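Hi everyone, thanks for coming. I'd like to walk you through one structure today, so please have a look at it before I start talking.

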Amino acid sequence: MRKPPKTFFIRTYGCQMNELDTEIMAGQLLKKGLTPSLDEENADLLIFNTCSIRDLAERKVMGKLGLLGRASRKNSIVGVTGCMAMAKKQTLFRKFPHLDFVIGTNNITDLDTVIDEILYTDHQIHKTDDRFEENLDYLIAKRDSKVKAHVSIIRGCDKYCTYCVVPYTRGEEVSRPPESIVDECRRLADEGYKEITLLGQNVNSYGKDRPEWNCLFHDLLAKLDAIEGIERIRFMTSHPVDITVGLMEAIRDLPSLCEFVHFPLQAGSSRILKKMHRIYTKEQYFEKVRLLREIVPNATLGTDIIVGFPTETDAEFEETYEAMKELRFSVAFIFAYSARTGTPAKRWKDDVPETVKQERLQRLLSLQNELGQEERQQFLGQDVEVLVESLNKDGKHLKGRTRCWKKIVFEGDTDMIGTLQQVKVQGFHHQTMIGALPGRQIQKTSKLKVV
Ligand code: 5AD
Ligand code: SF4
């Protein structure tokens with residue numbers, strides 16, 4: 001029998017859903033008696049919780065796994081979890097014979113038994129079910145923050161955008177029962193958590209797979225808003241088609257719901273949107289944003305954009321450029337298209353040259369930068385509500401976020417962590433706002449440059 005591991009290290013790639021899965025796995029391992037290690041090289045159990053969304057994300061992990069020879073880690077257990085585990089399954093064993101286990105996104109409850117099985121049999125184990133069974137113990141999650149928490153409400157995605165691997169790596173949509181979500185959020189509130197981010201590949205689909213629950217996304221939001229102690233509720237991520245008037249009104253009416261909406265446009269050309277199977281046109285998207293801004297005038301928007309999708313012409317890219325200029329997103333994640341195995345788009349020629357993709361990417365990044373600078377100027381001198389999250393990296397300032405998700409640092413006392421404060425915006429350091437509490441001025445000697 002192999003020696004049972006005493007310490008563990010989990011390296012996480014990708015989205016917040018993966019971060020939450022890591023917190024749940026860490027909780028399971030703590031319960032099993034292991035201790036977390038900061039030493040990736042020497043931990044007895046090493047897990048790569050992986051992402052497959054773009055080729056680069058996969059290549060990073062493949063490189064890491066290649067470097068870890070059996071010889072150098074003969075005493076430790078090494079495993080792959082997450083989306084790459086689903087995309088590649090047991091073929092990973094062929095490429096990396098020193099790997100001990102592969103556990104897919106729908107099997108993280110099995111981590112404990114998989115480790116035992118490896119110890120007793122010394123065989124390579126893989127568990128990669130296609131469907132998620134709602135049997136995860138979320139309450140076990142070991143969170144780093146004491147102020148804000150991620151809470152999973154729906155797993156998987158049924159939208160099948162033609163470029164996206166998620167419906168294949170995370171399976172179809174499975175909503176979590178509302179009582180279980182409310183119970184977890186109540187416990188978090190009792191423990192002093194102030195902010196909850198509801199997670200799902202498409203949170204707005206919540207409850208549609210279980211009509212008998214009579215609880216759609218905006219109904220769930222109302223239940224969570226009623227929990228005493230939770231000051232802020234956010235959600236990630238949404239599909240524009242499912243951003244309904246009911247949801248917009250919930251954002252307007254429920255005090256804890258933040259006015260920041262992630263509203264992924266992906267492309268500004270209706271032809272490309274159709275080819276992406278986004279099921280909305282540019283005009284329909286613009287109309288939804290107009291409606292949202294009418295119902296929630298102080299709403300800020302985030303977005304995701306893909307440039308260089310197969311057959312995207314210069315003129316179609318310009319439509320994306322113009323759309324971004326007009327819509328003025330507060331946050332934009334911009335990606336170059338990357339063909340993913342198993343998706344419909346993989347069958348089409350990836351015909352936009354890499355140099356053109358990179359040029360388009362850079363143009364959007366600099367546009368977003370300009371828009372960001374203009375937006376920041378408007379904040380100067382304003383008082384913003386900040387949830388104080390932690391000490392800043394410099395060890396001197398406090399760090400927090402506004403309701404619209406802007407990061408801000410300011411001088412204050414550590415007992416303010418976990419409280420809401422009004423802070424005056426006095427300057428910027430790159431994207432981060434620098435503020436001061438009433439009656440305090442920014443120290444000009446501070447390490448942070450004030451503009
Ligand atoms: N290539 C590039 N970007 C992608 N995304 C998803 N799949 C791909 C792909 N194949 C982006 C989308 C999505 C975000 C999470 O990642 O913009 O919203
Ligand atoms: Fe992928 Fe589209 Fe589902 Fe988002 S909505 S996870 S982009 S398939």
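Let me begin with a question: how far does a polar side-chain atom of Asp 304 lie from an oxygen atom of ligand 1? The distance is 2.6 Å. Please keep in mind that this is a predicted model, with computed values throughout.

Let's stay with ligand 1 for a moment. Asp 304 has company there: the side chain of Gln 266 places an N or O atom 2.7 Å from an oxygen atom of the ligand, and for the side chain of Arg 54 the corresponding distance to a ligand oxygen is 2.9 Å. If you would like the full surroundings of ligand 1, go through them along the chain: Ile 53, Arg 54, Tyr 163, Gln 266, Asp 304, Ile 306, then Phe 335, Ala 336, Tyr 337, Ser 338 and Arg 340.

Now to ligand 2. Many of its neighbours have numbers you can find quickly: Cys 157, Lys 159, Tyr 160, Cys 161, Tyr 163, Cys 164, Val 166 and Pro 167 are among them. The shell also includes Gln 201, His 239 and Arg 278. By class, that shell holds seven nonpolar residues, two polar ones and two charged ones. You may have noticed Tyr 163 coming up again: this residue is part of the surroundings of ligand 1 and of ligand 2.

Next, the second largest pocket. It encloses about 500 Å³, and 20 residues line it. Nearest to the centre of this pocket you'll find Asn 298, Ala 299, Thr 300, Glu 375 and Phe 379. Two elements, β13 (300-307) and α13 (354-379), each give two or more residues to the lining. Which of the elements gives the most? That is α13, with five residues. The lining is made up of eight nonpolar, seven polar and five charged residues. Domain 2 (138-374) and domain 3 (380-436) each supply at least three residues to the lining of this pocket.

On to the strands. Near the start of the chain, an open sheet is built from six strands in the order β2-β1-β3-β4-β5-β6, with parallel pairing. Its edge strands, β2 (35-36) and β6 (125-127), each pair on one side only. Between β1 (residues 7-12) and β2 there are two bridges, again in the parallel sense, and Thr 7 sits opposite Thr 35 there.

Towards the other end, the pairing is antiparallel. Strand β18 (residues 420-429) is joined to β15 (residues 383-391) by five bridges, and Val 384 faces Val 423 of β18 across that pairing. Five bridges also connect β18 with β19 (residues 432-436), antiparallel once more, and here Val 425 is opposite Gly 435. The hairpin of β18 and β19 has two residues between its strands, and His 430 in this hairpin adopts a positive phi near 50°.

Before I stop, two backbone details. Where is the cis peptide bond? The bond joins Met 236 to Thr 237, with omega at about -5°, and Thr 237 belongs to the loop between β11 (232-236) and α9 (245-253). The other detail is Lys 89, a residue other than glycine with a positive phi, near 45°. You'll find Lys 89 in the loop between α3 (83-88) and α4 (91-95).

That's my tour, and I'm happy to go back to any part of it with you. Thanks for listening!

Technical notes
Residues are numbered from 1 along each chain as its sequence is written. Chains are lettered from A and ligands numbered from 1 in the order in which they are written. This is a predicted model: local features need pLDDT of at least 70, side-chain atom pairs count only at pLDDT 80 or more; totals for chains, interfaces and linings use all residues. Side-chain values use heavy atoms; hydrogens and water are left out. A residue is near a molecule or strand if one of its heavy atoms lies within 4 Å of it. Ala, Val, Leu, Ile, Met, Phe, Trp, Tyr, Cys and Pro count as nonpolar, Asp, Glu, Lys and Arg as charged, and the others, Gly among them, as polar. On a 1 Å grid over the protein atoms alone, a cavity is a set of points where a 1.4 Å probe fits but cannot get out, and a pocket is an open set with protein on both sides within 12 Å along at least five of seven lines; lining residues have an atom within 4 Å of a point. Grid points are joined across faces, edges and corners, and a volume is the space filled by probe spheres set on the points. Helices (H or I, at least four residues) and strands (E, at least two) are DSSP runs, numbered from the N terminus. Domain bounds come from an automatic or database domain assignment. Two strands pair if DSSP finds at least two bridges between them. A polar contact is a pair of N or O atoms within 3.5 Å; within protein, one must be able to donate a hydrogen and the other to accept it, and residues adjacent in sequence count only if both atoms are side-chain atoms.
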